Amino acid sequence: MLNERTNTNIATKRTTVNAAVIGAVVYLAQRFTGTEIDPTDPLILLGVPAVVGIGYRASRWLTVRFPALAVILFGDAAAPKYDA
C-alpha cells in the first residue's frame, strides 16, 4: 500500500512538472514569435493534446539521452515502479 502511494505521488509530480515545462515552452515560443493564441479557438483546443503528447515524448527522449535533464523536465529523476 505504501509503495502504491509513493508511486502515485511520484507520477503526479512528474506529470505536473512536465506539463508546466511544456506550458512554459509554448508560452516562450508565443512571446518570441509575437503570435497570440486565442484559447477559445477550436483548432487550439484540438491542438493542445497533440502539443502535450509531443512534448511528453520529446521530454522522455531527452531524459534517456541526457539523464540529468530528468529533474528539470519531470521534477524527479526516479520513475514510478509498478508491480506486475
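**Exercise 1. Classify V25, then place it against helix α2.**

Solution. Step 1: V25 has a relative accessible area of 52%. The cut-off for exposed is over 50%, so V25 counts as exposed. This is a predicted model, and the values here are computed from it.
Step 2: find the element. V25 sits in helix α1.
Step 3: take a C-alpha distance. V25 and G55 are 30 residues apart in sequence and 9.3 Å apart in space. G55 is one of the buried residues of α2.

**Exercise 2. Classify two other residues of α1, A24 and V26.**

Solution. Step 1: A24 belongs to helix α1. Its relative accessibility is 36%, so A24 is partly exposed.
Step 2: V26 is also placed in helix α1, which covers residues 2-33. At 33%, V26 is partly exposed.
Step 3: add a distance for A24. From A24 to L43 the C-alpha separation is 20 Å, with their positions 19 residues apart in sequence.

**Exercise 3. Find the nonpolar surface patch that includes V26, and trace its link to α2.**

Solution. Step 1: list the members. V26, I37 and V51 make up a nonpolar patch on the surface. Together they offer about 200 Å² of accessible area.
Step 2: check exposure. Patch residues need over 30% relative accessible area. V26 has 33%. V51 has 41% and is partly exposed.
Step 3: locate V51. It lies in helix α2, residues 42-65.
Step 4: look for contacts beyond four places in sequence. V51 touches I22 and V26.
Step 5: compare with K13. The C-alpha atoms of V51 and K13 are 20 Å apart, and the two residues are 38 apart in sequence.

**Exercise 4. Describe the geometry of α2.**

Solution. Step 1: count residues. α2 has 24.
Step 2: compare spans. From first C-alpha to last, α2 reaches 35 Å, close to the 34 Å expected at 1.5 Å a residue.
Step 3: look for a bend. There is a kink of about 30 degrees at V48. It comes shortly before the proline P49.

**Exercise 5. Identify the buried residues of α2 and say what S59 and T63 contact.**

Solution. Step 1: name them. G55, S59 and T63 are the buried residues of α2.
Step 2: consider the spacing in a helix. An α-helix has 3.6 residues a turn, so residues three or four places apart point the same way.
Step 3: check S59. Its relative accessible area is 5%. Buried means under 20%, so S59 is buried.
Step 4: list contacts of S59, leaving out neighbours within four places. They are N18, L73 and F74.
Step 5: check T63. With a relative accessible area of 13%, T63 is buried too.
Step 6: list contacts of T63 under that sequence filter. They are L69, A70, L73 and F74.
Step 7: set T63 against A20. Their C-alpha atoms are separated by 16 Å, and 43 residues along the chain.

**Exercise 6. How many salt bridges does the whole structure hold, and which side chains form the pairing?**

Solution. Step 1: search the whole structure. The result is 1 salt bridge.
Step 2: name the partners. The side chains of D76 and K13 meet, at 3.3 Å from N to O.
Step 3: apply the cut-off. The nitrogen must lie within 4 Å of a carboxyl oxygen. The D76 and K13 pair, at 3.3 Å, is a salt bridge.
Step 4: recall the principle. Side chains of opposite charge can pair when their charged atoms come close.
Step 5: place the partners in the chain. D76 is in the segment after α3 (69-74), and K13 is in helix α1. They are 63 residues apart, and the pair links distant parts of the chain.
Step 6: compare exposure. D76, at 18% relative accessibility, is buried. K13, at 37%, is partly exposed.

Methods
Residues numbered from 1 in each chain as written. Predicted model: local features only at pLDDT ≥ 70, side-chain atom pairs only at ≥ 80, totals over all residues. Heavy atoms only, no water. Patch = residues over 30% accessible without salt bridge, like charges linked within 9 Å, V, L, I, M, F, W, Y side chains within 5 Å. Areas by Shrake-Rupley, 256 points an atom, 1.4 Å probe, with all protein chains shown as cover. Helix = DSSP H or I, 4+ residues; strand = E, 2+ residues; numbered from the N terminus. Buried < 20%, exposed > 50% of the residue type's maximum accessible area, 1.4 Å probe, protein only. Contact = heavy atoms within 4.5 Å. Expected span 1.5 Å × (residues − 1). Bend = angle between axes of the 7 residues up to and from the residue.
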